[in-house]
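Okay, thanks everyone, let's get going. I've got one structure for you today, and I'll talk through the overall picture before zooming in on one sheet.

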Amino acid sequence: MRPERVAVIGVGILGASVGWNLSRHGAKVVFIDAGRPGEGVTNWSFSWVNASNKTASKSYFDLNVAGMAAHRELATIIGPDSWWYPSGHLRWADDPATEAGLLETAGLLAGWEYPVEVCTGAEVRRRLEPALTMPDEVPVVFYPDEAWVHGRHLVGRMVGQAVAAGAEHRSGTAVRDIGTGADGSIRTVALSDGTCLDVDIVVNTAGPNASHVAGLIARHLPMRREPGLVTRIGCAQVPVHRAMHAPHIEIRPDGDASVVLHSREIDALIDTGEDPAELARLLHESARHVVPELHNSRIAQTRIADRPIPADGFPSVGAVPSVPGYYEAVSHSGITLGPVIGQLLASEILGGTRDEMLADFRPERFPP
């Protein structure tokens with residue numbers, strides 16, 4: 001039976017993708033978000049669409065490859081402008097052990113038929129990124145099928161299209177309670193603005209708050225605490241053309257006048273009490289070593305955001321059998337996985353189809 005009304009709680013990339021897919025197939029969707037669409041973790045991530053960093057298991061790699069394909073399909077449906085940048089991804093190192101690891105991973109991925117090229121620094125500067133500083137002979141791994149996404153723009157596009165098709169959108173209000181019937185199935189969602197919505201389905205896409213939302217139905221969803229700091233650099237002209245992992249720093253364009261910076265090394269300092277402004281300065285300094293043209297750029301914005309990562313590091317996607325009508329879509333790498341999770345979960349909600357691609361990532365692997 002087609003659900004009468006679906007509440008999507010949290011409107012980042014996963015919530016927007018699920019809601020958009022449900023709406024375009026005729027479901028009545030209400031988006032609920034305490035903030036504004038796409039302005040949470042979605043807007044404060046490195047937003048790199050890839051599977052090259054997802055080799056922990058073959059099933060997780062395959063899901064991310066499907067995510068990349070779903071992005072390409074989505075771009076043909078809603079249009080690619082302002083959000084989709086399929087310009088590839090570069091990665092290199094400055095120490096032998098890390099370099100050997102990158103090349104080993106490249107070989108593994110090539111064996112999995114994932115497109116990969118190994119260039120020299122000189123070739124990269126000549127063909128791809130003339131503004132970079134790197135040794136001529138350093139091996140650089142290039143993944144041509146990877147991309148970066150402007151997450152906030154993508155979320156806005158999908159939510160706008162869903163609303164135009166009849167979806168409701170309630171922003172600036174949080175979920176206070178989820179009501180169930182005598183049979184334990186979903187019945188209502190109570191909001192902080194005092195309203196109570198009759199719903200048949202709840203989809204928990206609340207990102208870092210997903211564990212709290214799960215708790216409203218007495219479900220324990222274990223999550224990691226893994227904060228990340230992202231800095232936006234304003235510059236008159238963006239000197240790089242694609243996402244890259246340089247030694248100690250990740251850099252990507254962010255439109256016509258800014259660049260995004262991130263580093264796991266800097267993330268490790270978040271809990272030491274260091275001032276976020278000082279961490280942003282360290283990011284900026286690292287970026288200028290790699291891209292000297294950023295010397296006159298300025299730090300525009302910095303934010304620390306908690307990544308939405310279930311305790312074992314893998315997504316939690318699908319129905320929770322103990323609470324009929326309750327579904328989860330909680331994952332790190334939401335930018336890569338959003339479109340494919342949106343497709344698969346909408347199909348499950350509307351038709352009951354449990355896709356095998358999600359078999360290793362079902363919510364029931366976590367005990368009640």
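Quick bit of bookkeeping before the charges: Lys and Arg count as positive here, Asp and Glu as negative, and His and the chain ends are left out. Also, keep in mind that this is a predicted model. With that counting, the protein chain carries 32 positive and 44 negative charges, and the mean positions of the two sets sit 5 Å apart.

Now the overall build. We've got nine helices and 20 strands in the protein chain. Its radius of gyration is 21 Å, close to the 21 Å from the globule rule for 368 residues, so the chain is as compact as a globular protein of that length. If you box up the C-alpha atoms along the principal axes, you get roughly 70 × 40 × 40 Å.

What about the inside? Of the 368 residues, 54% count as buried. And look at the contacts with a separation of 6 or more: 70% of them come from residues 24 or more positions apart. As for the outside, the accessible surface is about 15,200 Å², and carbon and sulfur atoms own 50% of that.

Okay, zooming in. Which strand order does the three-strand open sheet have? It runs β3-β8-β4, with antiparallel pairing. β3 (48-49) and β4 (84-85) are the edge strands with a single partner each, so each has one side left without a neighbour in the sheet. Take the β4 side: β4 pairs with β8, residues 147-149, over two bridges, antiparallel. If you want a spot to click on, try Y85, whose bridge partner in β8 is W148.

How values were computed: Residues are numbered from 1 along each chain as its sequence is written. This is a predicted model: local features need pLDDT of at least 70, side-chain atom pairs count only at pLDDT 80 or more; totals for chains, interfaces and linings use all residues. Side-chain values use heavy atoms; hydrogens and water are left out. Helices (H or I, at least four residues) and strands (E, at least two) are DSSP runs, numbered from the N terminus. The radius of gyration is taken over C-alpha atoms; the globule rule is 2.2 Å times the number of residues to the power 0.38. Buried means under 20% relative accessible area, exposed over 50%, partly exposed in between (1.4 Å probe, protein chains only). Contact means heavy atoms within 4.5 Å. Accessible areas come from the Shrake-Rupley method with a 1.4 Å probe; for residues, only the protein chains shown count as cover. The place of a charge is taken as NZ of Lys, CZ of Arg, CG of Asp or CD of Glu. Two strands pair if DSSP finds at least two bridges between them.
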